[in-house]
Structure formats: C-alpha cells, structure tokens
Amino acid sequence: MRDLISREYWRELFKQPAVRWNFIYILILTILSLALGFYINWLLGIAILVVALFGSQFSISRLRTIVVDAHEYLADLTYRVEQGQQEALLEMPLGMILMNKLGEIQWINPYMAKYFDLKIVVGKKLKEVDNELAKLENEHRNDKRPTIVTWQDRQFEFLVQKDNHVIYMMDVTSYEEINKRYKQQQIFLGNIYLDNYIELTQGMSDSDVSNLHNYVTSEISKWAAENHLLMKVIDDDNYLIIGHQVSLNRLEEKKFKILDIIRENTSKQNSPVTLSVGIAYGENDLVKLADTAQNNLDLALGRGGDQVVVRAQDSEARFYGGKTNPMEKRTRVRARMISQALQELMAQADQLFVMGHKNPDMDSLGACLGIRRIAAMNNRECWIVIDNEQAHSDVQRLLKQMDNFQEIKEHIITPEEALEKATPNSLLVMVDHAKKGITIASELYERLQNRLVIIDHHRRGEEFPENPLLVYIEPYASSTCELITEMFEYQPREGKGLNKLEATAMLTGIQIDTKSFTKSAGTRTFDAASYLRSAGADGMMIQMFMKENADSFMKRNHLISLAELNDSIAICAGEEQVYDPVTAAQAADMLLQVNGIEASFVITKRADGMVCISARSMGDVNVQLIMEKMGGGGHLANAATQIKGKTIAEVKQTLIDQLAKTEDDGNKESTEE
C-alpha cells in the first residue's frame with residue numbers, strides 16, 4: 001500500500017513543472033559537487049557521494065512517510081464527513097423530501113416521516129400522499145428564499161429546489177408564536193377629537209354642556225375598557241388612547257362602532273356629536289408615533305371628519321366611517337386667518353403661480369382668477385398656469401372672453417413658460433385639488449413643492465404634499481371659489497377689486513359645483529354669491545358659459561341611453577370612444593333624476609387612454625369610499641377615479657365587484673349590530 005501510494009505520489013508529483021525543475025536543479029548541483037570533489041581529491045569525492053546517497057535516501061523516506069500519513073488522514077476525514085452528513089440527513093431537525101421528475105417521492109428523512117405518521121410514502125406521488133403539501137410545493141417552487149407556510153396547523157420555513165426536486169421544511173412554529181406575541185403587544189397611539197363640540201356647545205346652558213361632555217366621555221371610557229385601552233382626557237374635545245396591536249385588530253374588525261354609537265345617541269338629543277380619530281402603530285419611537293397619530297387625525301379632519309384613519313409611518317392609510325355628509329362648521333375667523341397668512345407669504349415671494357387640476361372646470365379656473373386678483377391687490381404679480389388643450393367648452397368660452405381683458409390674458413401662461421419664469425423665491429398656489437397626480441404642471445410642482453399653498457374644498461386624500469406652507473381645505477364649502485371669495489373682505493382697500501369677468505367666472509364655478517344652489521349650498525355659499533353679484537357678476541354671461549355644444553349634448557344623451565338600472569344603482573358604460581369628462585359627469589348627475597336611483601356611475605374613456613368613472617349619489621350611498629377603493633376620491637355624494645391600462649368592460653366588472661363587496665360589508669355590519 002505504501003509503495004503504491006509512493007509510486008502514485010511521485011507520479012503525480014513529477015507532473016508539476018515546479019517540482020520537476022527543482023529536482024533537476026538539485027540533481028545538477030549534486031553532480032557538480034561530486035565532480036568538484038573528485039577533481040580536488042578522490043577521497044573527498046567519495047565522501048560527498050556517500051553523503052548525497054544517505055541524504056537522498058533519508059529525504060525519500062521522510063517524504064514517503066508524510067504522503068502516507070496525509071492520505072490516511074484525508075481518508076479518515078472523508079469517512080467522518082460522509083458519516084456526519086448521513087447522520088445529519090437522518091437526525092437533524094430539518095425535513096427533506098426527495099422526488100423524481102414525475103413528482104414521485106423517492107426518499108424522506110426520519111424527521112419528515114413523523115409528519116406522515118410513519119406511513120409508507122416512498123414511490124407515491126406527493127399529491128396522492130398530501131394534496132395540501134403538493135399545492136404548497138407548486139405555489140413556492142420558484143421562490144428564491146425560504147417562505148413561512150402553514151401546514152398541519154404548524155408554521156414551517158419552506159423551500160423548494162426545483163432543479164433537484166427537493167423540498168426542505170423546518171418547523172418554526174415556536175418562533176412564529178413568539179413573533180406573533182411581539183407584534184400583538186406592540187403599542188398603538190390614538191387621538192380622538194370631537195369634530196363639532198365647540199359649535200354645538202356655544203348656545204347651550206352650562207348644565208347641558210356638562211351632560212353632553214359627561215355622556216361622550218362615559219361612552220368613550222366604556223368603549224376603551226371593553227377593548228382593553230388606556231384612555232385619558234386631554235381637553236373637553238380631545239382624548240388620548242393607548243393600547244396593544246391585538247386590540248387595534250379587534251377595533252378594525254368591528255369598524256370602530258363607537259363613531260356610530262355616539263353620533264346616533266347624541267342625534268336623538270338634537271346635539272349630534274361626531275368623532276374623528278387618528279391612530280398610529282408599528283413604531284417603537286413614541287415621539288414619531290405621536291406625530292403620525294396627529295397627522296392621521298389631521299387627515300381625518302381634512303376629509304370631513306366622522307371617521308377613523310389608521311396608518312403606520314410610510315404606509316397606506318385605512319379609513320373607517322365617513323358615512324355622513326360633513327357639517328358646516330368653519331367660521332369667518334378662519335377665513336380671516338388664512339387670508340392674512342396668505343398675504344404674508346405673498347409679501348415674501350417675488351411672484352406667484354396659481355394652477356388648478358387637469359381638465360380644468362369653472363371652479364378651478366375661477367379660483368385661479370380670484371387668487372390672481374388677490375395677488376394684484378397686494379402688489380404681487382401672479383401667473384395663471386393652464387393647458388388650453390385640456391379645457392372643456394365652458395372654460396374655452398371663458399378664455400375667449402379674456403381677449404377683452406388684456407391684463408388677465410397677459411398673465412395666462414403654459415406649464416413650459418411657468419418653468420422658465422419660476423425662481424426659488426416664487427410661491428405656488430394649488431386650487432381645487434391637493435394631489436400631485438392630477439395637477440396641471442407636475443414639473444412646476446416638483447420645483448416649488450417647498451413653497452406651496454393649497455386651497456381646496458375636496459376631502460383630503462392620502463396622496464398629499466409633505467410640507468406645504470399653508471393649507472386651507474374645507475370639505476364643508478360648496479366650491480373653491482366660495483372659499484376664495486370670502487378672502488376678499490380682508491384684502492387691502494387700496495387695491496382694485498374684482499372685475500366683471502372675474503366675478504362672473506367665480507360665480508359660475510359656484511353655480512356649477514352646487515348644481516344651481518341645490519347641492520352642498522349653505523348660508524355662506526349664498527353670502528359669497530351675493531358678494532360676487534355685487535362685484536359685477538353677469539347672469540347672462542353665466543348662461544353663455546354654461547351652454548354646451550351640440551356634440552356634447554348628443555353624447556351625453558347617448559350615454560344616458562346606455563345606462564343599466566339595478567335596484568337603486570345606475571351603471572352606464574360608454575362605448576370605446578373618447579368622451580369629455582364633463583359630459584360624463586353631467587350624465588351621472590342626470591341619472592340621479594330618475595325616480596328610485598340613489599347612486600349613478602358613468603364609465604368612459606378619456607383622450608389620454610385612461611378609463612374614468614364619474615360617481616354621484618343622493619347621500620345614502622357613500623361613493624367616495626367606493627371610488628377610493630378603486631384609486632380615486634372625492635366627496636360622499638360626488639367622487640371619481642381614473643384607471644390606466646384597462647378596458648371599459650374590465651373597469652365595469654371591477655366596479656360591480658366593488659359594489660357587491662360594499663353591500664356585503666354593509667349587510668355584515670347590520671348583522672353585527
């Protein structure tokens with residue numbers, strides 16, 4: 001064995017060039033030493049020869065011993081490694097299933113066998129042995145990393161090696177239970193605010209105020225105790241709640257019934273109180289958690305109140321409630337404060353840019369004209385950014401009328417021109433919208449997003465600018481033109497007031513948004529209309545603006561003829577042609593005039609290829625929540641969405657499915673109650 005190993009060793013050794021050349025050098029050196037020794041003295045030569053022979057013999061013997069020992073060590077190590085691998089496959093707490101290309105089990109290790117109750121499974125297909133496990137293998141065969149799955153009421157780290165037809169499973173149930181307990185015990189923080197408490201209690205006696213406050217506090221305390229929450233009273237209209245994630249999960253399952261309980265019970269006493277709640281979770285830093293909870297409360301209030309917003313930082317929000325129309329509660333004090341704050345921002349800016357949303361309507365452009373006039377009254381230059389190609393017929397008529405008002409016309413610019421004029425000290429005002437995705441000039445927004453003012457009457461959505469300088473969002477207002485009209489009372493008297501065209505455009509915006517003062521029109525709406533009328537708004541010009549061309553008239557009537565009526569819901573899916581969004585909105589409004597129809601949805605295609613839904617209701621159906629589920633938003637009775645990459649038929653089916661789901665949720669809530 002040693003001779004064989006030695007021969008094999010020397011054969012392999014001398015195949016290496018470095019070894020071979022070193023041997024040749026040593027041999028040459030030895031021969032030269034012998035030659036030199038014999039040349040000097042034959043006795044010296046013999047001595048050198050004897051030393052060389054003994055040295056060579058000793059070196060060869062030692063090398064042979066080292067090689068043999070190394071081979072024996074490697075052989076022993078290889079045996080032990082192979083034995084360890086075999087024992088690991090049999091004993092380690094990792095399940096292995098080895099299959100062939102046909103999906104038949106060829107081998108399983110003992111750890112895995114216990115999950116099959118020691119039944120014989122080799123030679124059978126995995127589907128025949130355990131159909132659930134076969135489904136997991138099919139679902140996760142392309143996964144690159146282990147996935148947590150549930151099988152036989154336990155959790156496993158599951159990995160499939162598709163090329164080798166091997167399944168690896170590790171039972172991690174205990175670790176998952178620890179992780180689950182950790183997540184359930186995480187802290188959430190919530191702010192509860194009574195939306196209209198101050199307004200309700202202004203005309204009450206002290207005893208009635210005390211009774212109302214005691215009732216609301218008692219109901220919230222009882223609700224908190226039932227759900228294992230800590231509740232603290234911060235102020236007469238503000239409460240703080242703290243709890244664990246498991247309690248929050250239960251509250252979301254019940255959809256925060258406390259909102260309905262307090263609203264309904266206080267309504268019976270003619271003092272309807274509504275709650276807004278902002279809840280934050282998923283954060284260990286309590287300061288960040290508190291900030292997120294406050295932001296969520298602001299979002300709930302911006303959407304009109306009477307709802308709960310649940311959101312972790314940097315994640316999507318979940319909304320509950322919001323089933324009632326927002327009640328008017330804004331005061332002239334707020335209008336004055338916003339007006340003064342806007343004046344201060346104007347004084348710090350070198351110029352202003354004001355813009356509405358894409359496909360601008362009369363409320364959007366009328367608001368732009370109002371802001372431009374306010375800027376002029378404060379000696380600031382203001383540019384109105386608009387894309388004429390996206391304007392509807394009424395807006396086109398208004399733009400044409402501006403030919404007679406050169407001062408206004410000179411301040412109408414395109415998004416490209418606005419980008420050229422903008423400076424770091426410019427101020428951008430967004431009116432009638434608060435979403436980057438629907439603004440006319442997104443690049444201008446990107447440049448001036450830190451110098452931004454928002455004035456809007458729509459409910460605040462989740463897609464909201466991060467750091468605006470000033471926000472004036474009032475869902476209780478009929479229109480943005482109404483909000484801006486109220487600001488004129490607090491402007492410098494030295495400046496020139498509204499002209500005829502500006503007043504007419506703003507009054508037209510109010511009239512269109514309120515459906516001729518029949519929807520969302522409060523006392524403040526009529527005050528604003530009266531002011532605009534006194535400023536020179538022309539009724540005949542309003543009628544001219546509101547006229548529609550024959551093509552739009554025919555298309556709208558054709559859309560209405562395509563409507564399908566299902567109980568109290570009307571769904572109208574347009575044909576595969578381009579419809580103006582205003583035409584679709586008008587069709588949705590007119591469908592509500594049909595007896596028995598509580599909500600209408602009109603689905604059409606826009607010029608840019610997107611499919612739009614215009615949704616309207618009489619108030620009993622919350623179309624805002626339905627549209628939000630489909631990526632849009634709006635008001636309880638007036639909402640819309642735009643969907644990219646789908647056909648009208650596909651969007652219609654998605655809407656039908658969403659309506660069915662909403663109805664099921666409503667039935668479920670009724671059953672729970």
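Visitor: Leaving aside its neighbours within four places in sequence, which residues is S479 in contact with?
Guide: This is a predicted model, and in it we can look past the neighbours within four places in sequence on either side of S479. The residues in contact with S479 are then D363, H457, G509, I510 and D513.

Visitor: Is S479 buried or exposed?
Guide: S479 lies in the loop between β17 (470–473) and α19 (480–487). A residue counts as buried when its relative accessible area is under 20%, and S479 has a relative accessible area of 0%. Because that value is under the cut-off, S479 is buried.

Visitor: Which backbone nitrogen does the side chain of S479 reach?
Guide: A polar contact needs a pair of N or O atoms within 3.5 Å. The side chain of S479 comes to 3.3 Å from its partner, and the backbone nitrogen in question belongs to E482.

Visitor: Which residues in α21 do E482, T485 and E486 in α19 meet?
Guide: The axes of α19 and helix α21 (residues 523–534) come within 9 Å and cross at roughly 65°, and the crossing is left-handed. The residues of this contact divide into three nonpolar, two polar and three charged. On the α21 side, those met by E482, T485 and E486 are R524, T525, A528, Y531 and L532.

Visitor: Where in the chain is confidence lowest, and where is it highest?
Guide: Across the chain the mean pLDDT is 83, and 84% of the residues reach 70 or more. Over residues 1–5, however, pLDDT stays under 50. Confidence is lowest in helix α1 (residues 2–13), at a mean of 53, and highest, at 96, in strand β12 (residues 352–355).

Key. Residues numbered from 1 in each chain as written. Predicted model: local features only at pLDDT ≥ 70, side-chain atom pairs only at ≥ 80, totals over all residues. Heavy atoms only, no water. Helix = DSSP H or I, 4+ residues; strand = E, 2+ residues; numbered from the N terminus. Buried < 20%, exposed > 50% of the residue type's maximum accessible area, 1.4 Å probe, protein only. Polar contact = N/O pair within 3.5 Å; in protein donor to acceptor, adjacent residues only side chain to side chain. Contact = heavy atoms within 4.5 Å. pLDDT = per-residue confidence, 0-100. Axes fitted to C-alpha atoms, helices over the stretch in contact; angles between N-to-C directions. Left-handed = near helix turned anticlockwise from the far one by under 90°. Nonpolar A, V, L, I, M, F, W, Y, C, P; charged D, E, K, R; others polar.
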